[in-house]
Amino acid sequence: MPSARPNRPITLLDGALGTALRDRGAPVGSWDAAAWSATTVAETPELVRALHEDYVRAGCDVITVNNYACVPRLLERVGWPERTQELTERALELAIDARRRAGPVRIAVSLPPLSTTYRVDLVPDDDELQATYGAIVACTKRRADLYLAETLSSLREATAALNAGRRSGLPVWISFCSAGPAGHLLSGEPLALVGRWARLHRPDVLLLNCGSVRATVAGLEALGAVYGGMLGGYPNPHHDVLEPPGTPPGPEHQLDPEAFAAAGLRLADAGAGVVGGCCHTEPAHLRALALLFKTGAHRDDVRAAPRVG
């Protein structure tokens, strides 16, 4: 059973943007052949803003700007490479507008993979990483609260993103994809090496995302064995690893909000001080987490929760 160990406050990160927007009728293309959710910033901004508002009202402490796919290589797929800065700034404005409407929340600008997610073989060279991450930071640093480098597959990406984000003077959270081989990043680099990297570079939070609950919990435990800094996790709402990475969970794998909240207990018990959701989560999943963590139920009723990892 999960223990009652996590007495500290839990920071709630929001949930999915791309899959949630698609479920609401937004024109979200494929993540591996189109520009994913980038087009929604221009074509359905009201849906983007409303989703941000729903996450704020669900109880999230941090919402993420919908700029994950607003990078040149992905925008080239729809003939918009010259709109990178415009769409990034517009995406940030939508998050800020949602905060005005829905209430206080911190806003994280995404520092995403710069090519197809999960494809470590397509990670750009260091010059392109530094230039693109630097450009994202330059056009957002005056209005962002923090940077979230997410779904990264290698330490090389993480180092470039961290260096770019730190030049803003704002906190930088670094999150690696937890859908790699057990105990490893998608690059093959072991989590023990990631922990040593974090001891040297000291990101404000070290996270895992976009993998199963089970993989994320195991990864956090491995990182916690070698790294004493703040950890976090925001998995997809399914228990087990799905192959290949990016495979949508079928109904037999999908966790409903209550089950996902129980998964949040496992994340906290594994050392996470930041908890949220990734692909296929919705505001209802985060509302369930907020009810659990912000009422103290994770301390008082934790032993009644089902084991999920």
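**Surface and His184 in a predicted model**

Q: How much area does the protein expose, and what share do carbon and sulfur atoms supply?
A: The protein exposes about 11,700 Å², of which carbon and sulfur atoms supply 51%, with accessible areas taken from the Shrake-Rupley method with a 1.4 Å probe and, for residues, only the protein chains shown counting as cover. This is a predicted model, in which local features need pLDDT of at least 70 and side-chain atom pairs count only at pLDDT 80 or more, while totals for chains, interfaces and linings use all residues. Residues are numbered from 1 along each chain as its sequence is written, and side-chain values use heavy atoms, leaving out hydrogens and water.

Q: What percentage of the residues is buried?
A: Of the 309 residues, 59% are buried (under 20% relative accessible area; over 50% is exposed, and in between is partly exposed; 1.4 Å probe, protein chains only).

Q: Switching to His184, where does that residue sit?
A: His184 lies in the loop between strand S5 (172-177) and helix H8 (191-201), where helices (H or I, at least four residues) and strands (E, at least two) are DSSP runs numbered from the N terminus.

Q: And what does His184 touch, beyond residues up to four places away in sequence?
A: With those left out, His184 touches Glu189, Pro190 and Leu191, contact meaning heavy atoms within 4.5 Å.

Q: How far apart are the C-alpha atoms of His184 and Val194?
A: They are separated by 8.9 Å, the two residues being 10 apart along the chain.

Q: Why is His184 called partly exposed?
A: Because His184 has a relative accessible area of 33%.
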